[in-house]
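Here are some comments on the model, set out as numbered points for reading beside the sequence and the coordinates.

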Amino acid sequence: MATRLPEAPKVGMVSLGCPKNLVDSERILTKLRSDGYAMSADYAGADVVLVNTCGFLDSAKEESLEAIGEAIAENGRVIVTGCMGKEAEVIRARFPNVLAVTGAHQYEEVVGAVHDAAPVPPNAFLNLVPESGLKLTPRHYSYLKISEGCNHRCSFCIIPALRGDLVSRRPDAILREAEKLVEAGTKELLVISQDTSAYGVDIRKEPRMWKGAEVVPHMTDLARELGKIAPWVRLHYVYPYPHVDQVIPLMAEGLILPYLDIPFQHAAPSVLRTMRRPANEAKVLERIHKWREITPDITIRSTFVVGFPGETEEDFQYLLDWLDEAQLDRVGAFRFEPVEGAAANDLPGAVPEAVKAERYARIMAKTAAISAAKLEAKIGRTLRVIIDEVDGDGANARSEADAPEIDGNVFLRDAGHLKQGDIVPVQIEDADEHDLYGVPLA
């Protein structure tokens, strides 16, 4: 007689915010799946819904509150976790019926809350999970978090208050996770943290054995080892410390992708000082030129804040002139927004919203023109791309210069024979401000 298995409780997940939050969501779901829970793709099928919130900006907090409200309206049984968990009283005041509120990367607490809300019936056949864990990204790329928290105290940021000071993971644990991800089909590892350059500062005297040799917990050593594991390794959130220069030769060797995501935030020395950021913008330009001498195809991505308190028209023009010199490949910009608890809120010289909007439009026009010229220069070249999606006879791909979801795409014709995750050479035929168009080579 067949044995009827008990039905596993189902968990729904709404994951907001940055890729670091996404990794937290994956870890939570992996643990819950190993505990016997099933996953639900919609509110209706879930016994409980997790909302992993973002609390970095007021607009992000409002988006999180809206998501919580939607989950309560559609399901009713909601557990809140993530960065906004620090403001449990705000959440409970607006939504008194939430089952539990936990903070960022409090994995045990949120899993325990799920166990309390929807206990799983004990059964060995339910407690199954892939060795690589559960993922919220496509199979061919994965985010790899190497540390939590941040030691900086930038005046506009409350991340240290939300996530604490830097806590680096052991290098052997990171490399073991990378191997499992690659074995499960990952072709591209996206290395993330709050400050990737600072990796290992807190455990620098604790090297670990890996494949018969010691690995020092340092960004350069870790990047070198990751480059031996995955076809593509991409570095995100790189603070411009001097030792970043050491990873550029690894790009020239082909061990990691020639791509750096460095949030410069501004260029005017006076603004950088009030932001509590490094203020040696001329030295940064020298380093960028040197990086391009070593690795001519290096892509540099950055973000900038416009309308920061005290930013004058001269400061903003300085930033535009700096961008003309730096010729960054990918740029995102944000209008300054006060964040509750940030030191910048008390700075004098608030910039009017209309001025912020006008400066935002100018910086985006400037960087779009730079991007268009750089992409036009790639017409006729052969580039390696990774296939994200195949649709009929065409495909949506990314080059080494493109991180998923934040950068451009390479749209391919005559690509119906390819499959997701393939890394292939293509001929570039056309370009616009942000994207490339091409055809796979035979």
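1. Lys211 is exposed in this predicted model, its relative accessible area being 61%. The residue sits in the loop that runs between strand S10 (208-210) and strand S11 (213-215), and its phi is positive, at about 55 degrees, although Lys211 is not a glycine.

2. Gln265 also has a positive phi without being a glycine, the value here being near 75 degrees. Its place is in the loop between strand S13 (259-261) and helix H9 (269-275). Is Gln265 buried or exposed? With a relative accessibility of 10%, Gln265 counts as buried, because the limit for that class is under 20%.

3. Gln265 appears again among the contacts of Ser302, a residue of strand S14 with a relative accessible area of 0%, and therefore buried. A polar atom of the Ser302 side chain lies 2.5 Å from the backbone oxygen of Ile262. If neighbours within four places in sequence are set aside, Ser302 is in contact with Ile262, Pro263, Phe264 and Gln265, and also with Leu328, Arg330, Val331 and Gly332.

4. Glu188, in strand S9 (residues 188-192), is a charged residue that is nevertheless buried, with a relative accessible area of 0%. Which side chain does that of Glu188 meet in a polar contact of 2.7 Å? The partner is the side chain of Arg398. Beyond its neighbours within four places in sequence, Glu188 is in contact with a set of residues that includes His140, Tyr141, Ser142, Trp232 and Arg234, as well as Leu257, Ile386 and Pro404.

5. Gly421 shares some of this surrounding, since His140 and Ile386 are listed among the contacts of Glu188 and also among those of Gly421, together with Lys187 and Ile387, once neighbours within four places in sequence are left aside. Gly421 belongs to the loop between strand S18 (410-412) and strand S19 (423-431), and with a relative accessible area of 2% it is buried. From the C-alpha atom of Gly421 to that of Leu222 the separation is 24 Å, the two residues being 199 residues apart along the chain.

6. Leu222 is one of the buried residues of helix H7, the others being Met219, Thr220, Ala223, Glu225, Leu226 and Gly227. Helix H7 (residues 219-227) is largely enclosed by the rest of the structure, because 7 of its 9 residues are buried.

7. On the nonpolar interior, a general remark may help: in soluble globular proteins, nonpolar side chains tend to be buried together. In this model the largest nonpolar core has 49 residues, and the members that touch the most others are Leu260, Trp322 and Leu328. Helix H11 (residues 313-326) gives the most to this core, contributing 6 residues. Another core lies apart from it, made up of 17 residues, including Leu16, Ala71, Val80 and Val101.

8. The largest pocket holds about 1400 Å³ of space. Which residues lie nearest the centre of the largest pocket? They are Cys18, Lys20, Phe56, Tyr237 and Phe334, out of a lining of 46 residues. Helix H1 (19-34), helix H5 (159-163), strand S14 (299-306) and strand S15 (330-335) each supply at least two residues of that lining, and H1 gives the most, with 4 residues. Sorted by class, the lining of the largest pocket comprises 27 nonpolar, 10 polar and 9 charged residues.

9. Enclosed space should be considered separately from the pocket. The structure holds 3 cavities of 30 Å³ or more, and the second largest of the cavities contains about 50 Å³ of space. Its lining is formed by Thr299, Asp329, Arg330, Ser371, Lys374, Leu375, Lys378 and Ala401, with helix H12 (residues 353-376) giving the most, namely 3 residues. By class, these lining residues divide into 4 charged, 2 polar and 2 nonpolar. Arg330, which lines this cavity, is also listed among the contacts of the buried Ser302.

Methods: Residues numbered from 1 in each chain as written. Predicted model: local features only at pLDDT ≥ 70, side-chain atom pairs only at ≥ 80, totals over all residues. Heavy atoms only, no water. 1 Å grid on protein atoms, 1.4 Å probe; cavity = no way out; pocket = protein on both sides within 12 Å on 5 of 7 lines; lining within 4 Å. Points joined across faces, edges and corners; volume = space filled by probe spheres on them. Buried < 20%, exposed > 50% of the residue type's maximum accessible area, 1.4 Å probe, protein only. Core = buried A, V, L, I, M, F, W, Y, C linked by side-chain atoms within 4.5 Å. Polar contact = N/O pair within 3.5 Å; in protein donor to acceptor, adjacent residues only side chain to side chain. Contact = heavy atoms within 4.5 Å.
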